[in-house]
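Me: I would like to take a close look at one part of this model, going slowly through its backbone. Please walk me through it once the structure is in view.

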Amino acid sequence: MAVCTDSGACLVLAGPGSGKTHTITARIKYLIRNMNVLPEKILVITFTKDAAKSMEQRFMESGNYGNVVFGTFHSVFYSILRMSAGYSSKKLLSESYKKRIISKIISELIPGFKGNTKANTDDISSEFICAASIYKNTGNLQKSKSKISKEYAGFFDTVFNKYEEYIRARKLLDYDDMIFECLHFLRIDDFARKYWQDRFSHILIDEYQDINPMQFECVNLLCGSNVSLFAVGDDDQSIYGFRGSDPSCLKEFINKYDAKIIDLNVNYRSYEGIVKAANTVMGDNKNRLYKTQYSYYTDGYNEIKDCVYIDKFDNKAAEFEFITESLKNYKTTNNKFDIAVLFRTNVQMQAFASYLTDKSIKFNIKDKYTCIYDHPIALDVLAYMEISLNSNSEKIFRIINKPLRYVNREALMEDEGDIITSAIAFYKDNPNLPKGNLRIKELLKLKNDLNFIKDKPLYLQISYIKNKIGLLSFYVENTKNKIKVSEYEEVFAFLYEEARKYDTLSEWKKHIEDYREEYVGSSENVDKNNGFVNLMTVHASKGLEFDICFIPGVNEGSYPSGRMPDSLEVEEERRVFYVAMTRAKRLLHISYISKTKGGTLYPSRFLQNILDQSSSSSNSSASKYSSNASATFSYSSSSSM
C-alpha cells in the first residue's frame, strides 16, 4: 500500500523493525517501473552518509534503474548552494577554526573573559557554539539561550551577531549554514527556487522524525506545488532534540500537505513479548501520533515475561557481575548470538568497558568517544595524585589554578627544591606583586592538601580532591550548564568507583594503560563476526538490532536523565528508552540498582507499566541466568527486514 500510493503527499509511520528501508527502495522502483518517472527526477534524502550509501546500495543491488539522487540533508542543500549560489568547499569552516573565532569574540566582549584572564574559554565557547547551532536549526532564540550558563546567556545575541558578521565578511560557511543559508537563498532567489522545484518531481525522506524546523522549511521551498513528497518516520523514535529535531514536524507535515497516513505497524524484528513491553512504555507519551506495533512472531514468546527480564541489584558491581556472567553463558550456548549492552551515557558505557578489561573480555564500541581517562577531570585528578607523590612533577602546571590560586607560570619555573616551595619563595621574594599574600596562602594550603592525601586510599584521595580541594566546584563555576554539571559529577563517580579496586596509583595506572589499549582497539572490531560483545550508547544503537540486549542502570536520574526534567524532556527520554528496548530481537534484560553510597536509588518510572503487566519481577533472571542462556529459540534472523 505504501509502495503503490498515488497520493501527492504521504507520511509512512514506520515503527521499529517494520522494513522502512525496503519500503523506500521498493517505492523508488515502483515510481520508475510503474509510474514511468525518470530516475534523475527522484531525490532521496537521509540524515547520515552511511544511511544514504546503504540505501543506494540496496536499491542498486536490486537492478540498475538510473541516476536516482541519494544524499543527506546537508549534502543536498550544500549542493544547491554550490551549483546555484557559487559557494565552494574551500569556504567551509572547520570546527576547530569555528571555536577559535567564537573564543576570540568571547574574550573581547564578555566581562571576566577579556584577555582570557578569568578562565579558559573552552567550556563557555562550546556552549555558545551549541546555542548557535540550535538557533540555526530551529530559529528558537529561547531554546538556544538555554544551552548557555545563565550568567552569560544575555550575551548570546551580541556574540552570535559578531560571529555572523565575521564569517559573512569572509564569505565562510559553517556546517549548519548548509541548511540555514540554503533556506535564505531559496527564499530570496525566485529563479533558483523555480529551477530546483522543477528539478525533482518526487522527493523521498527517511527518518522524518529527526527533521528540524529549518530542514522542514527547506523541503517545503524545494517542493513547491508540483512535487510528490513521501516521508517515512516514527515520532516514537525521535531522540535528537538536543540537535534541534522536533517530532511535531510530523503533525505539521500532515496538516500542511494534507498528507495520506500509512501505518507500518508490523515489527519483523522482535518477539511479541518485547513489542508488548515497548508499546506499554510508549503508551504514556501524550505528544505523539497514536499507533500500536504488532510482532510478526506470535508463537511461543507472546507474553512480556517470556522474553523481557527486569532485575534489581544492590549495587553497580553486582549488576556488572550478572551481565558479565550472562554474556559468558550466552556466548557459550551460541557464539553467533549478536549481543549488545546499551547505556544512557558514554561514561556509563566506559565504566562497564573498564570492568570488562579487568575480566579480560573483549568488546566492540561502535562510536568512538573520547577515552574516559582523557576527560579533563580525569586528567586533573590523576595529576593531583601524581604530584602528591612527586613534588617536582610537571603536572603541577595542569592543576595549579584549578581551583584558581592566581599563581603565575613564572613562579613555577624556579628550580630550588620542590616546585610549590619554590613558588612560595618566589612570592616572598617579590612582595610588590599583587595578591602576593593570597597566593602564598593558597600555595601553602595546596602543599598541605597534597601532603594529606598522599598516604590515603585512592578513592578517599579522589573524594578529597573533589570536595575539599574544590575541583568539582571549579568546573561547575566555570560552566553552570546542567548537562555539563551532570557529566562532571558522573566522571567523578566513575573515578571514585574505579579507584576502590586498587591499592596504589601505579596499579591503577597499569589498568588505565590496559584499558586505553582495549578501548582504542575496540573500534577495529566493529562489524566483524568475532563474538565480542557490543557496547554503545542508546543514541549510537539507533537503526541497529541484536539478538539479545542488556539495558543496565534503568534508574531515575538516568531514565529520564537529569534532576528536574520537564514534561517534554520526559517524553523524549521515554522515546530514548523505547529505542533501546526495540533493538532486541529475542531477549531483553533490563536492570536497575537500589543503593548507592549516597543513599537509596529508585527504578525508572518507565518500568512501572511493564511491571504492572508482567510477572517479570518475580521471575527474575538474576538468579537463573544460566537457564535463560541455554534457552532454545525458534526465531529466524533471516526473516528480519
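In which loop, between which strand and which helix, does proline 560 lie?

Reply: In this predicted model, proline 560 belongs to the loop that runs between strand S13 (546-551) and helix H26 (567-581). What deserves attention there is the peptide bond leading into proline 560 from tyrosine 559, which is cis, with an omega near 0 degrees.

With that loop in mind, you can turn to another cis peptide bond, the one that joins lysine 402 and proline 403, where omega is about 0 degrees. Proline 403 sits in the loop between helix H18 (396-399) and helix H19 (419-429), and tyrosine 406 is likewise found in the loop between H18 and H19. Tyrosine 406 adds a backbone detail of its own, since its phi is near 65 degrees, a positive value in a residue other than glycine. As for its surroundings, tyrosine 406 is partly exposed, having a relative accessible area of 34%.

A positive phi also appears at lysine 171, where the angle is about 55 degrees although the residue is not a glycine. Lysine 171 is placed in the loop between helix H8 (156-169) and helix H9 (177-188). With a relative accessible area of 56%, lysine 171 counts as exposed, because the term applies to values over 50%.

Key
Residues numbered from 1 in each chain as written. Predicted model: local features only at pLDDT ≥ 70, side-chain atom pairs only at ≥ 80, totals over all residues. Heavy atoms only, no water. Helix = DSSP H or I, 4+ residues; strand = E, 2+ residues; numbered from the N terminus. Buried < 20%, exposed > 50% of the residue type's maximum accessible area, 1.4 Å probe, protein only.
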